[in-house]
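Me: Please take a close look at one part of this model for me, and then show me how the rest is arranged around it. I would like the cut-offs spelled out as you go.

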Amino acid sequence: MSAGAGAAGIEVRGLGKTYGEGETAVAALGGVDLDVADGEMVAIMGPSGSGKSTLLHLLGALETPSAGSISIAGKRFEGLTDNELTLMRRERIGFVFQFFNLLATLSAEENVLLPALIAGRGGEKARARARELLQSVGLGGRLDHLPSELSGGEQQRVSIARALLMRPALILADEPTGNLDSTASAEILGLLSELNATERHTIVMVTHDPGAASIAGRVVFLRDGVVAGEVGGGSTQRVIDYLASLEG
Amino acid sequence: MRSFNSLALRQVRARPLRALLTGAGIVLGVAMVFGVLVLSATIRGTFSDLFDSIYGRTDLVVSGEQGTGSLPASSLRRVRRVRGVAEVSANITNVWTLVDRGGRAKRSASGQLNVAGIDPRAPDLTDADQVAGHRPRHGREIDLQRSWAETNEIRVGDRIRLATPSGVARLRVSGLFQFSTGLDFGGQGFGTLPISVARRLMDKPRVYDEIDVVVAGRGAGATRKVRKRIERVLGRGGKGVQVTTPSSRSADVDRQLQSFDVILLFFAGMALFVGGFLIFNAFNMTVLQRMREIGMLRTLGAKRSMISRTVLQEALLLGLVGIALGLGVGIFLAKGLVALLKALNFPVGGLVVPLAAAVVAVATGVLTTLLGALNPARRAARVAPIQAVLGGAEVREHPTLRRAALGVALVGLGGAGAYWLAAAAHPHTPQVAAGLVGIVGVFLGLSLIVPFLVVPLVRALSWPARRASSVTGRLAADAASSNPKRTGATATALTVGLALVVAFGTIGSSFLGSISSELDRDFARDLTVQPRGFAPGQGPQQSIAKGLRARLARIPEAAVVARERIHFLAELPRPHGATKTQGLIFGFDPGPYSQVDQTELKGASRKAAYRRVARGQVTVGETYAKDAGLKVGDRLVLRGGSGSQRTRVAALVKTVVFGGNTIGMSVQTMRRVYGVTADSQLALKARSKADRPLLDRKVHRIVEHDYPQLVALSNDEFKSKIEDQINQQFGFFNAILGVAVIVSLFGIVNTLTMSVIERRREIGVLRAVGATRWQVRRTIVNESLLIALIGALIGVVVGAGLGWVVFHGVAGAVPGAAYTPPVGTIISVAIAAVILGLLAAVLPARRAARLDVIEALSYE
């Protein structure tokens with residue numbers, strides 16, 4: 001637990017989250033420990049109510065933990081104000097959502113550029129990077145298209161490009177293929193694993209699709225708010241087997 | 001839920017804040033209608049109390065025609081001798097001002113005393129009861145209305161100082177009386193004193209202003225007969241004597257108040273109109289939002305009529321709550337308006353709340369609510385059951401060209417109606433109806449056109465923000481133009497109020513500009529002395545005794561002191577059966593007057609014209625001449641309480657004073673016909689430019705010391721006084737229009753709230769990718785500003801256009817009036833729009849900023 005160990009990557013210790021108070025209190029997370037090394041890709045699986053979404057929200061600085069600590073690239077979350085958490089999201093975290101969540105009135109390029117615009121750094125350099133990223137996700141020819149003019153897979157690629165724009169320390173993907181057909185899913189998973197392999201992006205992905213999870217280097221299973229176990233990635237069958245063993 | 005019908009109630013209860021915002025327009029609209037009706041009833045009540053009090057037992061009132069001028073003293077003797085006349089009491093009247101120990105005149109309404117000089121031996125025909133002391137018997141004694149005396153802390157036996165036309169007089173209070181109606185004349189008081197003293201102080205020798213008669217025998221028949229006899233006796237020689245009953249006097253006041261009522265009710269109606277708009281807009285939004293739910297109800301077997309009924313029921317429920325609240329708020333508004341009128345020195349007493357006013361307010365409120373909800377209800381009924389599956393989130397409304405064409409037609413027709421009204425010198429019911437309906441038509445048409453203007457206007461207005469590549473500006477612009485119909489409707493609601501403010505501002509500034517340039521052109525004087533608050537045409541005016549003119553003329557620096565006598569005439573002479581017109585009559589001495597006045601005369605040289613005026617001819621204002629078909633040399637008959645005179649038109653006067661409805665004559669003619677003996681204004685000219693400051697100082701000293709009810713004004717002060725008077729009157733109307741603007745403010749809040757709900761996910765994304773709460777807030781504020789600015793921009797353009805159209809209509813009727821754009825009003829409207837935009841955004845922006853990010857993101 002030395003500071004050095006967490007300086008790069010993610011270090012989660014005793015992370016807990018309780019909703020409500022007194023008798024109606026519900027513990028969504030009850031002490032999770034997790035380390036994700038710099039450049040690693042980790043999938044998180046678990047049945048509904050296991051706390052995987054809560055973990056993702058906490059990692060994404062969308063919520064504050066009730067107990068324990070998180071640090072990303074050496075920056076700890078505890079005790080940060082809303083504005084500091086906002087800055088954290090802006091500078092260190094990239095989100096990929098199940099429903100893409102692009103702004104309907106902005107073009108693909110503008111959607112990618114959005115975080116830079118919000119940060120007040122929408123200069124030519126950022127624009128060039130946005131175009132470059134769209135190029136790299138295979139949408140170089142569709143910069144001016146509105147989300148409604150793009151397919152689901154294309155929209156998700158735009159949102160991945162948006163997540164990459166600010167060169168975040170961590171990319172969080174929440175069921176990134178949950179709303180896509182199998183072909184588009186395969187494309188998106190290919191893209192994520194390529195980003196991890198060639199550009200060493202740190203990725204944490206929540207999914208309930210064993211096939212999606214298997215592209216990660218490591219699959220962590222949650223149950224009842226605690227880590228129930230983990231297996232190495234790379235094989236869909238292994239993930240399915242492990243799931244079965246947990247349920248059995 | 002016991003039946004399908006209670007669904008509406010559930011909808012309202014589920015979203016109380018939304019209901020409140022939607023109903024706010026109805027609350028304020030109904031409040032305005034109710035308040036205005038109460039105000040009108042209160043004014044009428046005040047005057048009917050006044051006549052009941054003053055005329056008590058009186059059956060007939062004899063006065064100069066339309067109450068202007070005086071009757072010769074011999075009239076009393078002749079009336080007394082008429083068969084059937086049982087009792088007679090004659091008086092002269094004046095308005096005096098209470099002066100404090102320091103010699104300062106009390107400025108407020110409660111410093112004003114309506115004084116009657118009476119014969120102490122004549123019977124008291126009023127409704128007064130002596131409650132302390134005795135009636136004045138002789139000498140400098142005065143009997144006062146108790147409530148006025150109490151307000152001013154005056155007791156029986158006190159000596160009080162009153163500013164009279166002859167200077168400050170000291171009078172002993174002989175007693176106090178009380179009217180049984182408890183008359184409250186807006187704080188003004190009443191008093192009586194012996195006529196012998198009154199004649200000297202008022203400078204009204206050998207005349208009576210009014211003779212009150214009690215008829216022997218009962219019934220309308222007896223009164224009618226006596227009336228005929230008096231008319232025969234006094235009217236011999238075509239004199240303008242008027243014999244009326246007290247009740248017809250109150251009917252006259254009613255008639256005079258009618259146009260005031262129409263304007264007030266129209267403005268109140270506009271507030272309600274905007275309120276209906278709010279309902280329309282809000283329910284359209286709700287129906288869109290509930291598409292899925294309505295579809296579900298249809299799949300469950302709800303019929304179309306049931307769906308539309310739920311919407312109407314929900315609206316009606318809101319409407320009824322709004323109406324109930326509106327009646328309450330209306331009372332406060334009425335109190336506020338009464339206070340405003342009092343501040344304008346208009347006599348109004350305690351509130352009169354007639355049941356009819358409540359009934360009308362409730363009926364118009366219900367009607368507006370139902371009209372507003374009609375279209376949304378029909379749309380709701382058209383929702384297909386399949387929408388239960390598809391949902392309605394993506395329904396975006398785009399305006400059709402057919403609507404725009406209809407809108408343009410409505411605006412054109414409406415504008416024409418407004419022009420017709422304005423161009424009518426004497427508007428009758430058809431013109432008034434066409435004008436008012438026309439203005440409503442303009443706004444309805446506008447609501448159809450504005451959605452087309454939203455996208456380009458948003459682009460133009462958000463240009464600076466986009467230029468600075470501000471996300472908040474860009475997103476706000478996108479939000480505002482994503483639903484042009486909604487943005488358009490919201491902006492139009494604001495446009496209505498602001499456009500009317502600008503239109504009225506245009507008319508005000510044009511008249512002010514015309515009067516002001518006329519004064520610049522025509523005033524050759526250096527100073528004007530007149531009673532404080534001098535406003536002919538607005539009730540009895542104070543006057544100036546002739547002693548002052550002589551005294552001012554003795555100042556060595558004074559080259560000329562010219563007198564002017566100005567009186568209001570409810571009906572100018574009508575040669576060739578011309579329509580009935582109010583106007584002012586001016587009396588002056590041609591010689592001195594020509595040295596202080598350069599007013600352009602037409603049809604004769606000034607010298608020739610004034611020579612004829614001295615011989616008894618008259619000058620007439622161009623507007624009046626045009627309406628009555630008068631040319632130079634035409635015959636005209638003047639009839640007044642003191643006599644009648646055949647005369648000719650000596651020249652036409654180019655003037656916009658009183659809309660150009662004026663007749664000028666010599667003071668001798670005025671005295672002979674109308675019995676007017678007191679001056680209204682003194683115009684002074686210094687011997688040289690160098691003498692001006694000294695003259696100014698000396699006149700001020702005399703006026704301030706001995707005539708505290710008078711003021712001495714330089715030409716600039718004179719101009720700014722007129723400006724103040726006009727601005728005050730427009731301020732009163734603007735205060736009423738302000739309510740319509742406030743209603744539209746709620747409309748913006750409502751639309752923004754909907755916008756925040758619709759864009760929850762978008763806001764969640766913004767927050768997730770690093771937008772601060774402050775940035776989210778700014779997006780909403782920017783959207784609000786865009787809507788408000790669109791509303792203001794269109795409001796200014798339409799208002800200026802409407803003002804221009806109306807003004808040109810008026811200018812056609814009033815020669816010499818020139819268009820002046822209301823720059824001040826436009827600037828204030830722009831500032832108001834920004835403030836409104838910021839205000840409207842407060843709650844929605846806070847709501848957006850506080851949105852829970854996770855919930856917003858998981859929201860489908």
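Reply: What follows starts with one helix and then widens to both chains.

Happy to help, and a word on conventions comes before anything else. Residues are numbered from 1 along each chain as its sequence is written, while chains are lettered from A and ligands numbered from 1 in the order in which they are written. This is a predicted model, in which local features need pLDDT of at least 70 and side-chain atom pairs count only at pLDDT 80 or more, whereas totals for chains, interfaces and linings use all residues.

The part I would pick is helix H10 of chain B, which covers residues 355-381. Helices here are DSSP runs of H or I with at least four residues, strands are E runs of at least two, and both are numbered from the N terminus. H10(B) has 27 residues and reaches 38 Å from its first C-alpha to its last, close to the 39 Å expected at 1.5 Å a residue. That expected span is 1.5 Å times one less than the number of residues in the helix. Within H10(B) there is a kink of about 35° at Leu374(B), shortly before the proline Pro376(B). The bend at a residue is taken as the angle between axes fitted to the seven residues ending there and the seven starting there.

Which residues of H10(B) are buried? The buried set is Ala357(B), Ala361(B), Thr364(B), Gly365(B), Thr368(B), Thr369(B), Gly372(B), Ala373(B), Pro376(B), Ala377(B), Ala380(B) and Ala381(B). The proline that follows the kink, Pro376(B), is therefore one of them. Buried means that 20 or more other C-beta atoms lie within 10 Å of the residue's own, exposed means 12 or fewer, and partly exposed falls in between, with C-beta atoms placed from the backbone. The cover over these residues includes four helices of chain B: H2 (16-55), H7 (246-289), H8 (291-299) and H9 (304-343). Contact, here and below, means that the C-beta atoms of two residues, placed from the backbone, lie within 7 Å.

One of those covering helices, H9 of chain B, also holds Ala339(B). Ala339(B) counts as exposed because it has 10 C-beta neighbours inside 10 Å. Its C-alpha atom is separated by 38 Å from that of Asn782(B), 443 residues apart along the chain. Further along, Asp716(B) sits in helix H23 (residues 715-758) of chain B and is exposed as well, with 9 C-beta neighbours inside 10 Å. Asp716(B) and Leu527(B) are 189 residues apart in sequence, and their C-alpha atoms are 9.5 Å apart in space.

Now step back to chain B as a whole. Its secondary structure comes to 27 helices and 22 strands. Its radius of gyration is 32 Å, close to the 29 Å that the globule rule gives for 860 residues, so chain B is as compact as a globular protein of that length. The radius is taken over C-alpha atoms, and the rule is 2.2 Å times the number of residues to the power 0.38. The C-alpha trace of chain B spans about 95 × 65 × 55 Å along its principal axes, and 52% of its 860 residues are buried. Among its contacts between residues at least 6 apart in sequence, 86% join residues at least 24 apart.

Chain A meets chain B through 20 residues of chain A and 18 residues of chain B. On the chain A side, helix H3 (82-92) and helix H4 (108-118) each supply at least two residues, and the largest share, five residues, comes from H3(A). By class, that side has nine nonpolar, six polar and five charged residues. Ala, Val, Leu, Ile, Met, Phe, Trp, Tyr, Cys and Pro count as nonpolar, Asp, Glu, Lys and Arg as charged, and the others, Gly among them, as polar.

Chain A itself has nine helices and ten strands. Its open sheet of four strands has the order E2-E1-E4-E5, with antiparallel pairing, where two strands pair if DSSP finds at least two bridges between them. Five bridges join E1 (residues 10-19) to E4 (residues 67-72) of chain A. In the loop between E4 and E5 of chain A lies Ala73(A), which has a positive phi of about 50° although it is not a glycine.
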